[in-house]
Amino acid sequence: MFELIKNLGTWLTSGSQWAGQDGIAHRLGEHLQYSLLATLIAAAIGLPLGLLIGHTGKGAFVAINLASFGRALPTVGLVVLVFLAGGLSMLPVYVALVALAVPAIVTNTYAGMTAVDPDVKDAARGQGMRGHQVLLQVELPLALPLIMTGLRLALIQVVATATIAAYVSFGGLGRYVFDGLAQRDLVQVLGGAVLVAVVAVVLDLLLSSLQRFLFRHRTA
């Protein structure tokens, strides 16, 4: 075990391991690109849907059932299915990652909207605000903490799952995991897994710090 940890440390800190197209720096950039783009696309889909459901109160079963769908989604199976339908491209990877991220965004956005005190919304309407004004100026600001939590959860899930890009011969940190398995190189497999875990933890810490900073003046 000690020898394995020692070899892992050497693998992670070697200068040659960080350089070139197959280096950690390049693979990390690819992994972040896949993760951030997929999360942005998921947010563009999930946020309006969650806001609409939360504001109107219609289709709540969609938000509730999406949570179960997200947990049960066979990500690799979805990649293979889209791969067979659309051919070799990044499309299957993005479809799978977006499908994984949307449920967390929709459910948390919906939860944030429903957590807004009905009396506050009634007061806003009593002041003459229209529906879209109540949504944008009252409900959305109050729901933002939970909405950001949903975005944070979605991004971390996507980062952890973006290794599947290597499953269809693309890059990212998953390249080390799949190549290491093919070569029976345990150090490379562990190195890839550790890097993914570190990226997920760092992003989670950054986003949680940002969330605390943005809402530091709010009372519990």
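Of the contacts in the chain between residues at least 6 apart in sequence, what percentage join residues at least 24 apart? In this predicted model, the share is 75%. The chain has 220 residues, and 41% of them count as buried. Its exposed area is about 11,800 Å², with carbon and sulfur atoms supplying 67% of that figure.

The secondary structure is made up of 10 helices and zero strands. Read from the N terminus, the order of elements is therefore simple to write: α-α-α-α-α-α-α-α-α-α. The paragraphs below take up helices 3, 6, 9 and 10, with some of their residues.

Helix 3 covers residues 24–56, which is 33 residues. From its first C-alpha to its last it reaches 47 Å, close to the 48 Å expected at 1.5 Å a residue. The helix also has a bend of about 30°, placed at A43. Just after helix 3 comes G57, whose phi is positive at about 75°.

Helix 6, residues 91–114, holds Y94. Is Y94 buried or exposed? Its relative accessibility is 14%, and because buried means under 20%, Y94 counts as buried. Setting aside neighbours within four places in sequence, Y94 is in contact with Q33, Y34, L37 and A38. These partners carry numbers that fall in the range of helix 3, residues 24–56. A C-alpha distance can be added for A42: the C-alpha atoms of Y94 and A42 are separated by 9.0 Å or more, at 9.7 Å, while the two residues are 52 apart along the chain.

Helix 9 runs over residues 174–183 and includes F178. F178 has a relative accessible area of 27%, so it is partly exposed. Apart from residues up to four places away in sequence, F178 touches T163, A166 and Y167. On the other side in sequence is G192, 14 residues from F178 along the chain, and the C-alpha atoms of this pair are separated by 9.0 Å.

R184 lies in the loop between helix 9 and helix 10. Its phi is positive, about 55°, although R184 is not a glycine. Most residues other than glycine have a negative phi. R184 has a relative accessibility of 81%, and since exposed means over 50%, R184 counts as exposed.

Helix 10 spans residues 186–214, and Q211 is found there. Which residues does Q211 contact, leaving aside its neighbours within four places in sequence? They are P145, M148, T149 and R152. Q211 has a relative accessible area of 12%, so it is buried.

V202 is also placed in helix 10. With a relative accessible area of 41%, V202 is partly exposed, because that value lies between the 20% and 50% limits. V202 belongs to a nonpolar surface patch of about 310 Å², which it makes with V194, V198 and L206. Helix 10 thus offers two cases to look at in the model: Q211, buried at 12%, and V202, partly exposed at 41%.

Terms used. Residues numbered from 1 in each chain as written. Predicted model: local features only at pLDDT ≥ 70, side-chain atom pairs only at ≥ 80, totals over all residues. Heavy atoms only, no water. Helix = DSSP H or I, 4+ residues; strand = E, 2+ residues; numbered from the N terminus. Buried < 20%, exposed > 50% of the residue type's maximum accessible area, 1.4 Å probe, protein only. Contact = heavy atoms within 4.5 Å. Areas by Shrake-Rupley, 256 points an atom, 1.4 Å probe, with all protein chains shown as cover. Expected span 1.5 Å × (residues − 1). Bend = angle between axes of the 7 residues up to and from the residue. Patch = residues over 30% accessible without salt bridge, like charges linked within 9 Å, V, L, I, M, F, W, Y side chains within 5 Å. Salt bridge = Lys/Arg side-chain N within 4 Å of Asp/Glu carboxyl O.
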